[in-house]
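Got your viewer open? Let's take a walk through this one together, one selection at a time.

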Amino acid sequence: MLWYKAWLDTRWRFLIGLGLLAISAAGIVFAYPRVVALLPLVPASDTGGELGRRIREAALLSREFRGYIWWQWFHQTAPQEWTIASVLLGTGGLVAQGSSGALFTLSMPVSRTRLLAVRAATGLAELFLVALAAVVLLPLLAPAVGERYAFADAIVHGLCMFAAGAVFFNLAFLLSTSFDDGWRPLLITLAAAVVLATCEQVFRGLEPYSVFTVMSGDLYFRTGHLPWLGIAASAGVSAALFSISTVNLARRDF
Amino acid sequence: MAESIVVETVELHKRYGAVDALCGLSLRVPAGSIFGFLGRNGAGKTTTIKILLGMAHPGGGRATVFGLAADDRAASVEIRRRTAFVSDEKDLYDGMTVAEMIRFTAGFFPRWRGDLEQRYLRSFELPPDRKVKALSRGMRTKLALLLSLSRGAELLVLDEPTAGLDPAMTEEVLQALVGHAAREGMTIFFSSHQIAEVEQIADAVAIIDRGRTIVAGALDELREKFRRVQLVFAGDAPEGAFDSPGVARVRRNGRVLTVLATAGAESILDRGRALQAVSMDVVPVTLKEIFLESVAAED
Amino acid sequence: MLLRPNPASGVPIYLQLMEQVKHAIETGALRAGEQLPGIRPLAEELVINANTVAKAYRELEHEGVIELRHGAGAFVSANSRPKKATETLRAGQAVVADAVRKLRDRGVTNEEIRRLFEAELAGVAKTGEPRG
């Protein structure tokens with residue numbers, strides 16, 4: 001019944017995240033015809049520097065549907081929405097003020113670690129489903145705009161998104177064992193994400209090691225190789241954050 | 001007769017930030033008793049209960065339930081397997097229905113008593129399909145009680161069980177507790193402000209104040225030991241004549257001395273006679289007076 | 001039949017119960033050989049601790065007022081000891097009535113009378129003999 005309780009607690013966030021990502025994915029597919037129509041209007045190699053390089057890269061990639069999807073969605077739009085969804089699913093839990101019956105739960109003959117594990121597993125399962133459902137829409141809806149998108153690509157990208165998202169999920173999860181309001185874990189994790197993204201922009205050398213690089217499946221898109229190192233590192237960080245969560249909760253006085 | 005002790009704390013300490021919630025609290029709850037835990041707000045009742053159930057960690061001292069250490073994680077799970085707890089907020093899962101709460105709780109206790117569940121569902125008149133958030137406070141208390149009484153626990157811990165309940169519902173709750181304790185032989189440990197209800201159903205009590213136990217013992221013994229003696233003297237009442245163990249309080253008012261004795265009135269009467277008191281009256285003391293005097297003495 | 005004891009009276013509940021049972025026997029509400037309510041049902045009905053009821057019954061058995069038959073319950077004693085107790089009490093009642101009347105004649109109030117008796121009993125409890 002712990003699983004049912006965890007589901008009840010996260011149900012709405014799951015559905016909202018699902019809706020958000022699904023609409024986003026569908027939206028990007030259906031926007032393609034319009035982008036194709038606009039492409040010829042992009043001035044050729046006029047603007048210099050970083051901005052010019054980006055515009056040229058976008059235009060180049062967008063000639064092809066696969067490239068368009070990667071650049072526009074996996075690289076640009078999805079990371080923001082996905083990070084928010086991951087954080088959303090990671091907050092809440094026993095310590096949160098709004099959570100009813102905290103003392104009741106704690107009076108049950110279960111260890112706090114088990115409570116956390118069930119909650120984390122449920123949240124991660126939901127996270128995985130949201131990723132999967134969203135990316136699967138791409139190959140399913142592509143024919144509607146006269147294009148094709150490989151299921152294999154979708155699944156791999158989904159996996160990368162999930163692995164990277166799990167990091168933010170677990171960070172929010174950890175912070176939720178420290179703060180009893182729902183806001184601070186959310187804001188702090190999002191702030192951390194923003195800081196990470198900014199560092200990635202400013203210090204270009206860090207880009208290959210960034211979690212956002214894993215999230216967008218950059219390596220896979222460019223080379224066809226799965227970013228095993230990135231996924232493993234993300235998994236490692238997630239596991240570490242979860243361990244700290246269990247220690248944190250075990251120490252807490254209610 | 002060696003009584004087995006179900007709950008024991010020895011010099012329990014707990015500090016929250018700058019506040020000392022518990023300053024060496026010791027108590028012993030005998031098996032099969034109904035034990036009342038009395039104290040003012042902030043005296044440390046809820047903190048003690050939380051430590052016993054593994055919800056908070058002691059700062060010092062020892063707490064054991066069923067002989068198991070309350071601050072050992074594995075032991076605490078075992079304690080909770082055999083204990084039922086009703087918090088003062090009667091906090092349950094707002095989003096679940098009554099039936100779902102029962103199923104949820106029953107899942108954790110292999111010794112769940114379906115017969116008791118049915119009995120209390122009927123006698124408490126709880127609607128199975130209503131959500132917890134739609135229940136009145138009295139109904140929530142009854143549901144919380146049903147969930148604790150049906151799980152086959154050996155110990156029931158209640159934090160202010162009748163707080164906020166009207167007299168009729170209070171009586172229903174007390175009746176359920178008394179009946180259940182008699183039938184199942186379980187130990188009941190409950191904290192309360194309501195002295196009347198403690199006096200009605202408890203075998204033994206502990207009065208605590210400022211994180212320490214002031215008075216503890218079997219209720220009947222306490223009732224026999226506490227006496228108020230009023231002595232009238234011909235001249236001004238003597239000062240300091242009754243400063244001795246066995247005296248909780250002495251009040252002088254001109255020629256009248258009022259002594260609260262905690263170990264019977266005899267020695268007070270002897271002293272009174274020796275001091276040539278003109279008249280001496282002995283009156284029994286209620287639990288309420290014992291409580292008020294004990295915590296006032298600490299101020 | 002048995003009334004709710006008053007927890008706040010200062011008199012232990014089990015003593016109140018014992019008094020009530022004895023009174024019930026005196027007045028004929030309970031006759032020799034009749035069964036008393038079971039400990040648990042009585043505790044539940046009066047909303048008091050079952051241990052308290054058990055203690056009252058034990059003391060009553062000790063005084064010979066009732067008999068506890070294992071597995072069957074509590075029964076009013078068939079022998080005459082309770083009757084003797086009743087007679088002694090009746091005589092005692094007369095003594096008390098006389099003393100109270102005399103004290104009232106002197107202008108002593110009810111509260112004062114009650115306190116005098118308490119003090120006397122406390123003194124008796126210590127020495128086993130009446131004072132002065």
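Before you click on anything, keep in mind that this is a predicted model.

**Stop 1: where chain A meets chain B**

Show chains A and B and give each its own colour. Which charged pair links them? Across this interface there is one salt bridge. To find it, select B:Lys14 and A:Asp253: their side chains meet with 2.5 Å from N to O. Besides that, 15 residue pairs between chain A and chain B are in polar contact, both residues being at pLDDT 80 or more.

Now select, in chain A, helix 1 (2-30), helix 5 (102-106), helix 6 (112-141) and helix 11 (228-251). Each of these gives at least two residues to the side of chain A that touches chain B. Which helix gives the largest share? That's helix 5 of chain A, with five residues. If you colour this side of chain A by residue class, you'll get 13 nonpolar, six polar and five charged residues.

Zoom out a little to take in the whole contact: 24 residues of chain A touch 27 residues of chain B. Together the two chains bury about 2,400 Å², and carbon and sulfur atoms give 63% of that. Next, pick out A:Met1, A:Phe104 and A:Pro109. These three supply 28% of the area that chain A buries against chain B, more than any other three residues.

**Stop 2: a sheet in chain B**

Hide chain A and switch chain B to cartoon. Look for an open sheet of four antiparallel strands, in the order 12-13-11-14. Where are its edges? Select 247-253 for strand 12 and 279-284 for strand 14: each of these pairs on one side only. Neighbouring strands in this sheet are turned by 15 degrees against each other on average, ignoring direction.

Next, select strand 11 of chain B, residues 227-232. Strand 11 runs antiparallel to strand 14 of chain B, and six bridges pair them. For one partnership to look at, select B:Arg227 and find its bridge partner in strand 14, B:Pro284. As a bit of background, strands in a sheet pair through backbone hydrogen bonds.

**Stop 3: where chain B meets chain C**

Keep chain B and bring in chain C. How many salt bridges cross this interface? There are four. One to select is C:Lys55 with B:Asp220, where the closest N and O atoms are 3.3 Å apart. There are also ten residue pairs in polar contact here, again with both residues at pLDDT 80 or more.

Strands 11 and 14 of chain B turn up again: they are among the elements that each supply at least two residues to the side of chain B that touches chain C. The largest share, seven residues, comes from helix 6 of chain B. By class, this side of chain B has 13 nonpolar, seven polar and twelve charged residues.

The contact takes 32 residues from chain B and 28 from chain C. About 2,400 Å² is buried between them, with 52% of it on carbon and sulfur atoms. Select B:Gln200, B:Asp220 and B:Arg223 to see the trio that supplies 20% of the area chain B buries against chain C, more than any other three residues.

**Stop 4: a hairpin in chain C**

Last selection: residues 66-69 and 73-76 of chain C. These are strand 1 and strand 2, which run antiparallel and are joined by four bridges. Within the pairing, C:Leu68 stands opposite C:Ala74. The two strands form a hairpin with three residues between them, and C:Gly71 in the turn has a positive phi of about 85 degrees.

Key: Residues numbered from 1 in each chain as written. Chains lettered and ligands numbered in written order. Predicted model: local features only at pLDDT ≥ 70, side-chain atom pairs only at ≥ 80, totals over all residues. Heavy atoms only, no water. Pairing = 2+ DSSP bridges. Axes fitted to C-alpha atoms, helices over the stretch in contact; angles between N-to-C directions. Contact = heavy atoms within 4.5 Å. Buried area = accessible area lost by both parts, 1.4 Å probe. Polar contact = N/O pair within 3.5 Å; in protein donor to acceptor, adjacent residues only side chain to side chain. Nonpolar A, V, L, I, M, F, W, Y, C, P; charged D, E, K, R; others polar.
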